[in-house]
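The following paragraphs lead through one protein model, from its overall reliability and dimensions to its helix contacts and backbone details. Please keep the sequence and the structure in view while reading.

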Amino acid sequence: MSDLHDDKILILDYGSQYTQLIARRVREAGVYCEIYPWDVEFERIREFAAKGFILSGGPESTLDADQPEVPMALFDLGLPILGICYGMQAMAQQLGGRVENVGKSEFGYARVRARGHTALLRDIQDDVNEEGHGLLDVWMSHGDRVAELPEGFKLMASTDSAPIAGIADENRKIYGLQFHPEVTHTKQGVAIYQRFLHEICGCGSEWNSANIAEASIAEMRARVGDGHVILGLSGGVDSSVVAALLHEAIGDQLTCIFVDNGLLRHREGDQVMEQFAEHMGVKVIRIDAEDRFLDKLKGLTDPEAKRKAIGNLFIEIFEEEARKHNDADFLAQGTIYPDVIESAGASTGKAHLIKSHHNVGGLPDDMRLKLVEPLRELFKDEVRRVGIELGLPPHMVYRHPFPGPGLGVRILGEVKKEYADTLRLADDIFITELRAHDLYDRVSQAFVVFLPVKSVGVTGDGRRYNYVVSLRAVETIDFMTARWADLPYDFLDHVSRRIMNEIEDIARVVYDISGKPPGTIEWE
């Protein structure tokens with residue numbers, strides 16, 4: 001197998017909400033890519049040895065002072081470049097064109113006329129108009145627009161509101177698009193990326209689940225050598241795939257530590273042991289740490305404080321177990337790329353902190369074990385495909401995500417045992433009914449949140465004054481953005497009645513209809 005990194009694309013990030021989506025589209029086309037900030041040292045860009053570059057969109061205006069720029073030396077490398085939205089505008093302005101703001105922004109659906117028969121858009125179209133121009137249904141999101149072409153460029157596409165919606169200098173293989181081919185609303189977006197990556201940049205299609213699994217196994221063998229690895233196994237998708245990878249790579253050199261922290265889902269502890277220890281032959285040590293975690297969380301109400309406390313205690317337990325196994329050298333984690341981004345731990349270092357993940361934000365400075373994170377640069381969909389490739393059962397691989405701190409961040413405010421016990425039962429009813437009504441696989445993530453407030457209710461002829469829980473279900477592709485799931489009213493009614501009839505401590509059930517943004521998927 002050739003090196004998966006032989007053919008690669010570098011994405012320069014100008015702050016677009018779609019930058020990670022660009023990366024996913026590139027990888028889905030079978031090409032490895034990484035994301036660098038736009039102002040990274042140019043030597044790093046040169047050393048990356050990309051076969052082409054993509055300039056992302058961004059919230060800034062090229063008309064402002066101190067606006068982000070394209071490194072001028074990039075144009076001297078003689079490699080293909082694709083500028084998207086802001087990336088196109090910055091490129092056009094720096095190469096001698098002109099950008100203007102006409103006081104009217106364009107957001108949403110647009111129909112683009114592909115005027116120039118360029119290598120990028122030739123024969124890619126959704127329809128054709130009477131003049132013979134190809135028509136593309138696309139997604140626009142911009143305030144400025146290119147008003148004059150730079151020297152050497154020709155018009156590639158246009159709309160009524162953006163007469164210059166696409167530009168091309170085919171001699172230098174430099175292209176610009178005002179619209180966003182990475183979003184699903186641009187129907188031919190996949191075809192456009194494939195054209196750029198494979199035909200213009202000359203990249204192959206080696207980045208796929210089979211090759212990723214094979215390369216990861218080889219890399220882990222080389223990294224670990226004859227050392228021993230401890231893995232915190234939660235039973236979730238990420239840690240499960242890490243366990244399968246490492247078990248394949250190093251066999252008995254892997255010891256999984258399953259920490260039953262009292263913050264897991266209903267019967268989850270027994271299910272984890274059955275799947276890994278009994279069915280897969282993985283060495284798993286189960287530790288009952290419920291009392292320690294609940295004691296650590298006493299009096300804590302701030303979400304960040306709870307995450308840090310849970311993360312640090314996990315590491316303490318791993319360190320304790322490692323001392324019992326003197327040959328332990330590494331700590332493996334199921335950190336994936338969205339964890340890094342949301343914790344402002346990406347290579348750019350410029351993301352705003354949304355929430356810290358125990359995987360990337362709670363490690364003590366004096367930790368003795370070296371980290372092994374084989375999934376750190378993978379998106380969730382890539383992790384799932386690798387899991388299937390490794391032979392994990394679909395019901396495990398396609399299980400909804402579960403946060404590292406578990407129910408600790410699904411119980412708002414202070415965490416108490418009685419809250420966790422109540423929440424477990426409510427969550428189990430919700431998930432059971434989603435499966436029974438063939439809705440589980442139609443939503444991306446579903447769970448119940450415990451609210452530390454009480455509400456008046458009625459049971460028979462009596463008054464009840466008990467707790468409130470919220471159902472949460474979302475639909476998403478990349479977990480960077482999400483919309484609330486439009487579940488049938490009769491289904492929600494059925495779930496609500498079951499929860500309130502079967503769980504005495506719950507008097508009211510609500511349904512969360514917040515999107516991400518402005519909300520997050522988890523409540524804390």
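The pLDDT is the predictor's confidence in each residue, on a scale from 0 to 100. It applies here because this is a predicted model. For the protein, the pLDDT averages 89, and 92% of the residues score at least 70. Among the elements, strand 3 (residues 52–55) has the highest mean pLDDT, at 98, while helix 11 (residues 358–361) has the lowest, at 46. The pLDDT is below 50 over residues 344–358. Beyond near neighbours in sequence, that stretch nevertheless has 44 contacts in the model. Where pLDDT is low, the predicted coordinates should not be read in detail.

The protein contains 15 helices and 19 strands. Its radius of gyration is 26 Å, close to the 24 Å that the globule rule gives for 524 residues, so the protein is as compact as a globular protein of that length. The C-alpha trace spans about 75 × 65 × 40 Å along its principal axes.

Three helix pairs illustrate how elements of the model meet. In the pair formed by helix 5 (residues 209–224) and helix 12 (residues 380–389), the axes come within 9 Å and cross at roughly 80°. Because angles of 65 to 115 degrees count as roughly perpendicular, helix 5 is roughly perpendicular to helix 12. Helix 5 contributes Ser 209, Ala 210, Ile 212 and Ala 213 to the contact, and helix 12 contributes Arg 385, Val 386 and Glu 389. By class, these residues comprise 4 nonpolar, 1 polar and 2 charged.

A second pair consists of helix 8 (residues 290–297) and helix 9 (residues 303–324), whose axes come within 10 Å and cross at roughly 145°. The crossing is right-handed. On the side of helix 8, the residues in contact are Arg 292, Phe 293, Lys 296 and Leu 297. They meet Lys 306, Ala 309, Ile 310, Leu 313, Phe 314, Glu 316, Ile 317 and Glu 320 of helix 9. This contact has 7 nonpolar and 5 charged residues, and no polar ones.

The third pair is made up of helix 14 (residues 417–436) and helix 15 (residues 489–502). Their axes come within 10 Å and cross at roughly 145°, and helix 14 passes helix 15 in a right-handed crossing. From helix 14, Ala 426, Ile 429, Phe 430, Glu 433 and Leu 434 take part in the contact. Their counterparts in helix 15 are Phe 491, His 494, Val 495, Arg 498, Ile 499 and Glu 502. Sorted by class, the contact of helix 14 with helix 15 has 7 nonpolar, 1 polar and 3 charged residues.

Some details of the backbone also merit inspection. Which peptide bonds are cis in the segment after strand 19? One is the bond from Lys 516 to Pro 517, with omega near -10°. Another joins Pro 517 and Pro 518, with omega about 10°. Pro 517 is found in the segment after strand 19 (506–511), and Pro 518 has its place in that segment too.

Elsewhere, Cys 85 has a phi near 55°, a positive value in a residue other than glycine. Cys 85 lies in the loop between strand 4 (81–84) and helix 3 (86–94).

Definitions and conventions:
Residues numbered from 1 in each chain as written. Predicted model: local features only at pLDDT ≥ 70, side-chain atom pairs only at ≥ 80, totals over all residues. Heavy atoms only, no water. Axes fitted to C-alpha atoms, helices over the stretch in contact; angles between N-to-C directions. Helix = DSSP H or I, 4+ residues; strand = E, 2+ residues; numbered from the N terminus. Parallel < 35°, antiparallel > 145°, perpendicular 65-115°, else oblique. Contact = heavy atoms within 4.5 Å. Nonpolar A, V, L, I, M, F, W, Y, C, P; charged D, E, K, R; others polar. Left-handed = near helix turned anticlockwise from the far one by under 90°. Rg over C-alpha atoms; globule rule 2.2 N^0.38 Å.
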